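Me: I'd love to go through this structure with you, one question at a time. Could you take a look and help me out?

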Amino acid sequence: KDENYRKRLIKELEGFANPELESKKVKNTNPNKSWLLKPEESFGSVFQTKIKTCPKQDRSFVCLKFWIKGECFKNCKFVHADLNQATKTEINEWINKCRSDFQ
């Protein structure tokens, strides 16, 4: 299942910059600023290699594009809704670990 998730995420990320898809995007209007991708970071290098260890919310995948890149697609199947406190804590720890492992 995790490998399928990784393949779907990679496929979505490849089409992310497509201008035709701009109207299908949704912005995270209330991002956790410390989670957002930093200008010097590469999503692929810092986070993509760790996708299999990313925490879930109630057995559902959290949308990393939405929470880390700040935008995604309207028809995404992953969690864009408000995260519960336990998930926020786990995601925060996961993001920090990804960043520290990359440095």
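Me: Thanks for joining me! How many salt bridges does a search of the whole structure find?
Reply: Happy to help. This is a predicted model, where local features need pLDDT of at least 70, side-chain atom pairs count only at pLDDT 80 or more, and totals for chains, interfaces and linings use all residues. Residues are numbered from 1 along each chain as its sequence is written, and side-chain values use heavy atoms, with hydrogens and water left out. A salt bridge here is a side-chain nitrogen of Lys or Arg within 4 Å of a carboxyl oxygen of Asp or Glu, and the whole-structure search gives five.

Me: Which strands do Lys25 and Glu71 come from?
Reply: Their side chains meet in a salt bridge at 3.5 Å, N to O. The pair links distant parts of the chain, 46 residues apart. Strands are DSSP runs of E with at least two residues, helices are runs of H or I with at least four, and both are numbered from the N terminus. Lys25 lies in strand S1 and Glu71 in strand S4 (residues 71-73).

Me: Is Glu71 buried or exposed?
Reply: The cut-offs are under 20% relative accessible area for buried, over 50% for exposed and partly exposed in between, with a 1.4 Å probe and protein chains only. Lys27, which also forms a salt bridge with Glu71 (3.0 Å, N to O), is exposed at 56%. Glu71 has a relative accessible area of 12%, so the residue is buried.

Me: Which residues are linked with Glu71 in a network of salt bridges?
Reply: Lys27 in strand S1 pairs with Glu71 in strand S4, so parts that are 44 residues apart in sequence are tied together. Lys25 and Glu71 are both buried. The network joins Glu71 to Lys25 and Lys27.

Me: Where does Asp101, the salt-bridge partner of Lys50, lie?
Reply: The closest N and O atoms of Lys50 and Asp101 are 3.2 Å apart. Lys50 is partly exposed at 27%, and Asp101 is partly exposed at 38%. Lys50 sits in the loop between H2 and strand S2 (56-57), 51 residues away from Asp101, which is in helix H4 (residues 85-102).

Me: Now the rings: why does the pair of Phe66 and Trp67 count as edge-to-face?
Reply: Rings of Phe, Tyr and Trp (its six-membered ring) pair if their centres lie within 6.5 Å; planes under 30 degrees apart are stacked, over 60 edge-to-face and the rest tilted. The structure holds five aromatic pairs, one of them Trp35 with Trp67, at 6.0 Å centre to centre and 70° between the planes. For Phe66 and Trp67 the centres are 5.2 Å apart, and the pair is edge-to-face because the planes are at 90°.

Me: Which residues line the largest pocket?
Reply: On a 1 Å grid over the protein atoms alone, a pocket is an open set of points with protein on both sides within 12 Å along at least five of seven lines, and lining residues have an atom within 4 Å of a point. Trp35, Phe66 and Trp67, which form one aromatic cluster, are among the lining residues. The full lining is Asn28, Asn30, Pro31, Asn32, Trp35, Phe66, Trp67, His80, Asp82, Leu83 and Lys88.

Me: And how far apart in space are Val26 and His80?
Reply: Val26 is in strand S1. Beyond residues up to four places away in sequence, Val26 touches several residues, including Phe66, Glu71 and His80 (contact means heavy atoms within 4.5 Å). Val26 and His80 are 54 residues apart in sequence, while their C-alpha to C-alpha distance is 9.6 Å.

How values were computed. On a 1 Å grid over the protein atoms alone, a cavity is a set of points where a 1.4 Å probe fits but cannot get out, and a pocket is an open set with protein on both sides within 12 Å along at least five of seven lines; lining residues have an atom within 4 Å of a point.
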